[in-house]
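Reader: I am new to this structure and would love to understand the words used for it. Could you walk me through them?

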Amino acid sequence: MSPEISSSRNTSPHLIVALDFNHKELCLNLVKQLDPNHCRVKIGKEMFTLFGPSLVEEIQKCGFEVFLDLKFHDIPNTVAKAVTAASHLGVWMVNVHASGGSRMMVAARESLDKSSHRPLLIGVTVLTSMTSGELKAVGVNRSVDEQVIALADLVLEAQLDGIVCSAQEVSAIKEATKHQLLCVTPGIRPTGSAVDDQRRTLSPSEAIVAGSDYLVVGRPITQADNPLKVCEAITQQILEAKK
Ligand code: C5P
């Protein structure tokens, strides 16, 4: 580990590792190699459906703050109860689809405001895997950029803490929302990595320069021969981009 990375201990890590595995042992094996001072972790639909709250607890016991990425999208009452249940798990961040609308987001936020543990509440704008053609096919005739800004405005009005978006959209969103929303950005690909099913990607340094607050990285780390090395390289790139 480089001295610079090691001295970044106890600063708030900007890297969130997406733990997308179908085997608990593979997941825990990676978690044990990672350092909670350098990254947080994200548990999504696959792992939560397979292993449930006990996996969240197990990972928290290893010292990691957890982003529970279940992207709730339902009627206001159901989403409010779902985010409250997530808060009882002690997670650090939870999210809902902004396209679920203002009433749904306000219900979620008001419910968390009453909770004794208040995770960050984030609204998903347009999935980073989606192209403008795909958006049109589901009846949205705005461009991706316009749709992202419109949803970010709704998230701000509902007083959530931030949004999930592509790093390509961060600078426009920060400007449009006067830097009042945290930007959590998946679709991060270190130079030379496979793009996989992502479409609107940026490298870790580009994402930080654009103003991303948290970078979500999955397969470039989880599928690497040496995940720790990739993680350290990304942390180094983040530190350099922040100089
Ligand atoms: O492997 P990869 O780096 O593409 O993983 C990205 C992670 O971020 C996945 O867990 C995916 O579900 C999640 N995500 C995303 N786009 C969003 C929100 C979450 O890719 N808009």
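**The ligand and its surroundings**

Author: Gladly! The ligand sits in the largest pocket. Please keep in mind that this is a predicted model.

Reader: What makes you say that the ligand "sits in" the pocket?

Author: A molecule sits in a pocket if more than half of its atoms lie within 2 Å of the pocket's grid points. The ligand is placed in the largest pocket on that basis.

Reader: Which residues are closest to the ligand?

Author: The ligand is surrounded by 16 residues, and the closest are Asp20, Lys42, Arg189, Gly218 and Arg219. Three elements, β3 (66–72), β8 (214–217) and α10 (219–222), each supply at least two residues of this shell. By type, the shell holds seven nonpolar, three polar and six charged residues.

Reader: How do you know that threonine 128 makes a polar contact with the ligand?

Author: A polar contact is a pair of N or O atoms within 3.5 Å. A polar side-chain atom of threonine 128 is 2.9 Å from a nitrogen atom of the ligand, so the pair falls within the cut-off. The backbone takes part too: a polar backbone atom of glycine 218 lies 2.8 Å from an oxygen atom of the ligand, and for a polar backbone atom of arginine 219 the distance to a ligand oxygen is 2.7 Å. On its own the ligand has 470 Å² of accessible area, and the protein covers 87% of it.

**Buried or partly exposed**

Reader: Why is lysine 174 called buried?

Author: Buried means under 20% relative accessible area. Lysine 174 has 9% relative accessibility, so it counts as buried. This lysine 174 belongs to helix α8 (residues 170–176), and its side chain reaches the backbone oxygen of leucine 181 at 3.1 Å.

Reader: What makes aspartate 35 buried?

Author: Its relative accessible area is 15%, and because buried means under 20%, aspartate 35 qualifies. You can find aspartate 35 in the loop between α2 (24–33) and β2 (39–43). A polar atom of its side chain lies 2.7 Å from the backbone nitrogen of asparagine 37.

Reader: Why are alanine 167 and proline 119 called buried?

Author: The cut-off is again under 20%. Alanine 167 has a relative accessible area of 3%, so it is buried; proline 119 has 1%, so it is buried as well. Alanine 167 is in the loop between β6 and α8, while proline 119 is in the loop between α5 (102–113) and β5 (120–124). From C-alpha to C-alpha, alanine 167 is 29 Å from histidine 117, with their positions 50 residues apart in sequence.

Reader: Why is aspartate 196 called partly exposed?

Author: Partly exposed covers what is between under 20% and over 50%. Aspartate 196 has a relative accessible area of 35%, so it belongs in that class. Its place is in the loop between β7 (182–185) and α9 (204–210).

**Positive phi values**

Reader: What is notable about the phi of aspartate 196?

Author: Its phi is near 55 degrees, a positive value in a residue other than glycine. Most residues other than glycine have a negative phi.

Reader: Where does glutamine 159 lie?

Author: Glutamine 159 lies in the loop between α7 (144–157) and β6 (162–164). Its phi is near 60 degrees, again a positive value in a residue other than glycine.

How values were computed: Residues numbered from 1 in each chain as written. Predicted model: local features only at pLDDT ≥ 70, side-chain atom pairs only at ≥ 80, totals over all residues. Heavy atoms only, no water. Near = heavy atom within 4 Å. Polar contact = N/O pair within 3.5 Å; in protein donor to acceptor, adjacent residues only side chain to side chain. Areas by Shrake-Rupley, 256 points an atom, 1.4 Å probe, with all protein chains shown as cover. 1 Å grid on protein atoms, 1.4 Å probe; cavity = no way out; pocket = protein on both sides within 12 Å on 5 of 7 lines; lining within 4 Å. Helix = DSSP H or I, 4+ residues; strand = E, 2+ residues; numbered from the N terminus. Nonpolar A, V, L, I, M, F, W, Y, C, P; charged D, E, K, R; others polar. Buried < 20%, exposed > 50% of the residue type's maximum accessible area, 1.4 Å probe, protein only.
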